[in-house]
Amino acid sequence: MKRIAVIGAGTMGHGIAQIAAMAGCGVRLTDSNAEVLAAAPSRVEKNLQGGVSRGKTSADDADAAIARITTTPSIEEAVGDATFVIEAVLEDIDVKKDLFRQLDQLTSPDAVLATNTSSLSVSQIASATNNPGRVVGMHFFNPVHIMKLVEIIAHPDADSDAVAGTRALAEEFGKQPIVVRDTPGFASSRLGVVLGLEAMRMVEQEVASPEDIDKAMVLGYGHPMGPLRVSDLVGLDIRLAIADYLHSQLADAQYEAPDLLRRKVESGELGKKVGKGFYDWPDTTKP
């Protein structure tokens with residue numbers, strides 16, 4: 001059995017733990033926030049029960065997956081015997097570098113260290129370790145248990161075996177991986193952010209309502225979900241952070257965040273996770 005450690009039990013982390021466990025891996029999940037860590041198993045169970053009710057998985061398989069996930073507040077315990085570590089913490093380069101510096105000391109030299117960053121330099125993150133070759137980008141999409149894409153980012157010093165192993169693991173998870181070069185925003189964020197920011201500018205200019213702008217892409221271009229709804233799911237604070245990072249790195253006007261996005265973030269309208277963004281979202285924590 002592969003031993004997977006997931007660092008960060010929030011929106012992305014608990015989903016990554018779920019799909020790893022469903023693939024038959026033993027999973028240790030950790031988070032520095034005790035409340036987030038305590039809530040993670042019930043979030044996984046809720047997702048799996050939804051799959052059972054829709055006929056996507058059996059009750060036995062769901063129970064077995066839940067049993068494969070262990071939570072621990074100790075990062076040392078989580079990663080000590082892991083063959084593969086996936087980081088899903090705050091999208092901040094300094095936070096990630098500090099974590100990978102720590103992981104470099106706590107893990108087996110043979111373990112692959114993967115970062116779930118959606119836009120930050122994997123090469124910079126890898127530079128915090130003594131062996132950058134074992135560090136790769138493994139960018140999942142929200143909700144992890146539903147979205148099929150995994151973006152694998154190969155920085156210049158990445159070991160080819162680490163990249164190949166990451167791709168194979170993504171396929172074991174039931175995902176469809178793509179491999180991209182380590183450039184700002186990779187492939188998905190560069191494309192997705194441009195579309196999302198332009199949709200926000202259209203709302204700001206009163207071109208149409210958020211609902212109708214999204215319908216234009218869903219019905220006119222076959223997108224499964226409109227860019228504003230996607231932005232709400234990602235989190236408007238995260239969208240803003242990625243936009244600011246890409247604008248600083250690429251200096252293209254298309255990555256400059258509109259004032260509307262900044263106002264929403266400043267007022268706490270961060271999207272689905274708080275119940276309000278470009279849309280109003282129901283409180284899914286209530287029965």
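Two strands pair if DSSP finds at least two bridges between them. Strands (E, at least two residues) and helices (H or I, at least four) are DSSP runs numbered from the N terminus. The model is predicted, so local features need pLDDT of at least 70 and side-chain atom pairs count only at pLDDT 80 or more, while totals for chains, interfaces and linings use all residues. Residues are numbered from 1 along each chain as its sequence is written, and side-chain values use heavy atoms, without hydrogens and water.

**Exercise 1.** Place strand β2 (residues 26-30) among its partners and state how enclosed β2 is.

Solution.
1. Strand β1 (residues 3-7) runs parallel to β2, and 5 bridges join them. In this pair R3 stands opposite G26.
2. From β1 the chain passes through helix α1 (residues 13-22) to β2, a right-handed β-α-β crossover (with the strands pointing away from the viewer, the path from the first strand over the helix to the second runs clockwise).
3. Strand β3 (residues 69-71) pairs with β2 over 3 bridges, also in the parallel sense. Here V27 stands opposite I69.
4. Because 4 of its 5 residues are buried, β2 is largely enclosed by the rest of the structure (buried means under 20% relative accessible area, with a 1.4 Å probe and protein chains only).

**Exercise 2.** Describe the surroundings of R134.

Solution.
1. R134 lies in the loop between α6 (122-126) and β6 (135-139).
2. Its relative accessible area is 7%, so R134 is buried.
3. Beyond neighbours within four places in sequence, R134 contacts residues including L103, D104, T107 and A162 (heavy atoms within 4.5 Å).
4. A polar atom of the R134 side chain lies 2.8 Å from the backbone oxygen of S108.

Technical notes. Buried means under 20% relative accessible area, exposed over 50%, partly exposed in between (1.4 Å probe, protein chains only). A polar contact is a pair of N or O atoms within 3.5 Å; within protein, one must be able to donate a hydrogen and the other to accept it, and residues adjacent in sequence count only if both atoms are side-chain atoms.
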